[in-house]
Amino acid sequence: MLNLILLGPPGAGKGTQAELLVERFHLPHISTGDIFRAAIKEGSPLGQKAKVFLDAGKLVPDDIVVGIVEERLSQPDCQEGFILDGFPRTIPQAEMLDRYLAGADRQITAVINIDVDFEVLIRRLTGRRVCRNCQAVYHIVNKPSQKSGVCDHCGGEIYQRQDDAEETVRKRLEVYRDQTAPLIAYYRERGKLKTFNGEEPIQVVFDQICLALEEQNG
Ligand code: ADP
Ligand code: ADP
Ligand code: ZN
């Protein structure tokens, strides 16, 4: 059983590594950002509530996020493990996750903390492109799709997220520093933290994560 959390600032490569981890370990990928964007696209009540926060680069309130994640984790496909990407993002979210898992007699296997310098993050986020259909992640310089504007995996349309405009990116990095970075100490104290240099090439970061998970599982 692998219950993984991907932690790191916006642009660190969480979604990119999640795609590779899913291929290798066949675990469900739970991205709270993807859940909110899908709800916004549908125009559901959740989407209407979440949109204001995403557009401003702010966090959606904890009570909304936690309810969604608990519901998702209780589904059958998550019982053999999961990859959480972009959750938790605040100390209260982490505490609520610990309580929820303890109640189900489960716990986090490891927190994969991806470390990248702030200036590099700005270039990554402003150059990021995403598939509208399958959410695959690209970069105009670092990881272009084979055919411009078309997803390699599903042929879907590739677009730029509205919150990847430079001004919102700076706001999101501030929010990360103030509200999410304290989770590094939280998980270190609990013996769960594994930190990786996210400035290495995508495949190198992935190999190092797999090595660390193998060592841990003996
Ligand atoms: P996050 O989910 O942490 O916000 P993403 O996985 O979406 O980050 O990656 C942000 C951008 O950086 C994407 O455009 C992606 O293609 C690119 N990227 C991800 N990992 C690397 C890496 N190791 N080296 C260079 N570019 C990367
Ligand atoms: P990135 O990895 O590039 O920061 P995400 O797709 O993870 O982007 O998140 C996009 C936005 O969705 C965030 O800026 C925030 O508004 C909202 N969001 C996602 N996950 C959470 C969370 N765990 N708590 C609060 N807000 C969240
Ligand atoms: Zn696609």
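Which residue has a backbone N or O atom 2.7 Å from an oxygen atom of ligand 1? Select tyrosine 138 to see that atom. The model is predicted, and the tour starts at this ligand before moving on to the whole chain and ligand 2.

**Ligand 1**

Show the residues around ligand 1: there are 18 of them, and Gly11, Lys14, Thr16, Arg128 and Tyr138 come nearest. Keep Tyr138 selected and add threonine 16, where a polar side-chain atom lies 2.6 Å from an oxygen atom of the ligand. Next, pick glutamate 200; a polar backbone atom of this residue is 2.8 Å from a nitrogen atom of ligand 1. With the protein hidden, ligand 1 exposes 560 Å², and the protein buries 93% of that.

Now colour by secondary structure. Helix 1 (14-25) and strand 6 (137-139) each give at least two residues to the shell around ligand 1. Recolouring by residue class splits that shell into seven nonpolar, seven polar and four charged residues.

**The whole chain**

Zoom out to the protein chain. Its secondary structure comes to nine helices and eight strands. Along the principal axes, the C-alpha atoms fill a box of roughly 45 × 40 × 35 Å. The radius of gyration is 17 Å, which agrees with a compact globule because such a globule of 218 residues would have a value near 17 Å.

Switch to a surface. The protein chain exposes about 11,000 Å², with carbon and sulfur atoms supplying 49% of it. Buried residues make up 48% of the 218 residues. If contacts are drawn for pairs with a separation of 6 or more, 72% of them join residues 24 or more positions apart.

**Ligand 2**

Centre on ligand 2. Of the 18 residues around it, Thr32, Lys58, Arg89, Arg128 and Arg172 come nearest. Arg128 is also listed among the nearest residues to ligand 1, so select it with both ligands visible.

Three further selections show polar pairs at ligand 2:

- Arginine 172: a side-chain N or O atom is 2.6 Å from an oxygen atom of the ligand.
- Arginine 161: a polar side-chain atom lies 3.1 Å from an oxygen atom of the ligand.
- Glycine 86: a polar backbone atom is 2.9 Å from a nitrogen atom of the ligand.

On its own, ligand 2 has 550 Å² of accessible area, of which the protein covers 97%.

Which helix supplies the largest share of the shell around ligand 2? Select residues 32-42: this is helix 2, and four residues of the shell come from it. By class, the shell has seven nonpolar, four polar and seven charged residues.

How values were computed:
Residues are numbered from 1 along each chain as its sequence is written. Chains are lettered from A and ligands numbered from 1 in the order in which they are written. This is a predicted model: local features need pLDDT of at least 70, side-chain atom pairs count only at pLDDT 80 or more; totals for chains, interfaces and linings use all residues. Side-chain values use heavy atoms; hydrogens and water are left out. A residue is near a molecule or strand if one of its heavy atoms lies within 4 Å of it. A polar contact is a pair of N or O atoms within 3.5 Å; within protein, one must be able to donate a hydrogen and the other to accept it, and residues adjacent in sequence count only if both atoms are side-chain atoms. Accessible areas come from the Shrake-Rupley method with a 1.4 Å probe; for residues, only the protein chains shown count as cover. Ala, Val, Leu, Ile, Met, Phe, Trp, Tyr, Cys and Pro count as nonpolar, Asp, Glu, Lys and Arg as charged, and the others, Gly among them, as polar. The radius of gyration is taken over C-alpha atoms; the globule rule is 2.2 Å times the number of residues to the power 0.38. Buried means under 20% relative accessible area, exposed over 50%, partly exposed in between (1.4 Å probe, protein chains only). Contact means heavy atoms within 4.5 Å.
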